[in-house]
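This report introduces a structure to a reader who has not met it before. Please look over the sequence and the model below, and then follow the sections in turn.

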Amino acid sequence: MSTSILRTADAWWVQTPAGAARIATAANTTRELLADRQAIAAAAAGTEVVPVESLSLISPVTAPCRVVAQMTNFASHVTDSGLDPATVPLTFFRKSSGSISGPYADVVRPAHVTLLDYEVEIGVVFGHEMPVGTPITADSLGTYLAGLVITNDVSARDVQLPKTQFYEAKSYPTFTPVGPALVLLDGDEWKRFADLRLRLWVNGDKRQDMTVADMIFHPVQALQALSRFQRMDAGDLLLTGTPVGTAISAPPKPVEIIGSLLPARLKWKLFFRGQARNPKYLHDGDVIEAAIGTDDGVLDLGRQRTVVRYAR
């Protein structure tokens with residue numbers, strides 16, 4: 001049975017049907033908490049609770065940690081990007097853990113950024129060290145992974161695309177809202193991963209709505225590839241990609257062909273001029289909500305709500 005972990009500035013909590021039970025632990029980090037499973041179990045069995053809504057929740061994944069992300073990992077998103085899902089490789093990039101923020105904290109757009117985008121993603125949290133060279137199978141997946149969180153891979157597209165690298169564009173402070181809950185899974189519950197549905201709204205308008213059935217490379221394949229070169233430790237975070245529905249979209253093929261013939265500076269100038277007319281990019285005061293869970297409600301990662309603020 002899954003266990004939902006919540007975090008406030010001064011404590012860790014287990015969410016129960018009656019409310020939130022405080023965990024009696026000295027853990028300061030997610031890694032330390034995941035090593036204190038007895039304290040988690042004791043809190044889950046306790047009867048002294050407070051209303052969840054009375055808590056000021058922050059990210060259940062603590063920084064510093066490694067934040068690794070899969071690129072273009074949903075078939076619908078790949079197609080919308082003008083690529084072929086059958087040929088897209090399994091690719092990773094890194095984000096700074098300084099970008100992690102809480103599930104209800106503001107998303108702050110830096111003053112120099114103009115095209116701010118959203119990407120709801122399932123975050124996979126490691127519960128055990130995975131040294132380079134670790135063999136990963138479907139049966140051993142639960143040995144290395146602890147649970148799941150909602151994440152939003154916020155992106156500055158006008159920084160990302162011309163520089164042809166993701167690190168800066170996705171690593172500004174508040175660009176990785178995480179939570180509200182870290183949902184720890186037991187054994188067979190990992191088999192329900194394929195049933196999860198990702199949804200995201202902006203000002204109540206549903207922008208993304210897709211199940212993991214659209215995912216190209218699942219966690220087993222991702223960890224098999226990642227373990228060839230990247231060590232991961234308990235408390236580290238892997239983002240697993242986003243479905244179609246982000247603000248950015250590939251230009252029509254004729255426009256793309258013409259653009260490829262232009263000097264890079266002019267090409268990007270024309271591209272961003274067109275993108276500036278796209279109303280789907282995030283604006284000051286926009287409310288972003290994200291939810292992930294199975295349609296039957298057996299697995300529920302909660303609902304995230306953040307507000308966009310422009311830095312002055």
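## A parallel pair of strands

Strand β4, residues 67-70, and strand β16, residues 237-239, run parallel and are joined by three bridges. Within this pairing, Val68 of the one strand has Leu238 in β16 standing opposite. The model in which this pair is seen is a predicted one, and the features described here should be read with that in mind.

## The chain as a whole

The secondary structure of the protein chain comes to eight helices and 18 strands. Along the principal axes, the C-alpha atoms of the protein chain fill a box of roughly 65 × 45 × 35 Å. A compact globule with 312 residues would have a radius of gyration near 20 Å, and because the protein chain has 20 Å, the value agrees with that expectation.

Of the 312 residues in the protein chain, buried residues make up 53%.

## The sheet of nine strands

The pair β4 and β16 belongs to an open sheet of nine strands, whose order is β3-β2-β1-β13-β10-β9-β16-β4-β5 and whose pairing is mixed. At the edges stand β3 (19-22) and β5 (92-95), each with a single partner strand, so one side of each is left without a neighbour in the sheet. On average, and with direction ignored, neighbouring strands of this sheet are turned by 30° against each other.

At the β3 end of the order, β2 and β3 run antiparallel and are joined by four bridges. Val14 has Ala21 as its bridge partner in β3, and the connection from β2 to β3 is a hairpin that passes through two residues. Strands of a sheet, whether parallel or antiparallel, pair through backbone hydrogen bonds.

## The sheet of five strands

A further open sheet has five strands in the order β7-β18-β17-β14-β15, again with mixed pairing. Its edges are held by β7 (107-109) and β15 (205-211), and since each has a single partner strand, one side of each is left without a neighbour in the sheet. Neighbouring strands of this sheet are turned by 20° against each other on average, direction ignored.

Inside this sheet, strand β17 (residues 287-294) and strand β18 (residues 300-310) run antiparallel, with six bridges joining them. Among the residues of this pairing, Glu289 stands opposite Arg305 in β18.

## The second largest pocket

Which strands each supply at least two residues of the lining of the second largest pocket? They are β1 (3-8), β2 (11-16) and β18, and of these β18 gives the most to the lining, with four residues. The pocket thus takes part of its lining from β1 and β2, which are listed in the sheet of nine strands, and from β18, which is listed in the sheet of five strands.

About 480 Å³ of space lies in this second largest pocket. Its lining is made up of 23 residues, and those that lie nearest the centre are Ser2, Thr3, Ser4, Gln15 and Thr16. By character, the residues of the lining divide into 14 nonpolar, seven polar and two charged.

## Loops and backbone details

Two peptide bonds that precede a proline deserve a look. A cis peptide bond with omega of about 5° joins Ala63 and Pro64, and Pro64 lies in the loop between α2 (37-45) and β4. The peptide bond from Gly179 to Pro180 is also cis, with omega near 25°, and the place of Pro180 is the loop between β12 (176-177) and β13 (182-184).

Positive phi values in residues other than glycine occur as well. Thr72 has phi near 40° and lies in the loop between β4 and α3 (75-80). Asn203 has phi near 55° and lies in the loop between β14 (196-202) and β15; at 49% relative accessibility, Asn203 counts as partly exposed, because the partly exposed class ends where exposed begins, at over 50%.

Is Phe217, in the loop between β15 and α6 (219-226), buried or exposed? With a relative accessibility of 17%, Phe217 counts as buried, because buried means under 20%. Phe217 and Gly82 are 135 residues apart in sequence, and their C-alpha atoms are 18 Å apart in space.

How values were computed:
Residues numbered from 1 in each chain as written. Predicted model: local features only at pLDDT ≥ 70, side-chain atom pairs only at ≥ 80, totals over all residues. Heavy atoms only, no water. Pairing = 2+ DSSP bridges. Axes fitted to C-alpha atoms, helices over the stretch in contact; angles between N-to-C directions. 1 Å grid on protein atoms, 1.4 Å probe; cavity = no way out; pocket = protein on both sides within 12 Å on 5 of 7 lines; lining within 4 Å. Points joined across faces, edges and corners; volume = space filled by probe spheres on them. Nonpolar A, V, L, I, M, F, W, Y, C, P; charged D, E, K, R; others polar. Rg over C-alpha atoms; globule rule 2.2 N^0.38 Å. Buried < 20%, exposed > 50% of the residue type's maximum accessible area, 1.4 Å probe, protein only.
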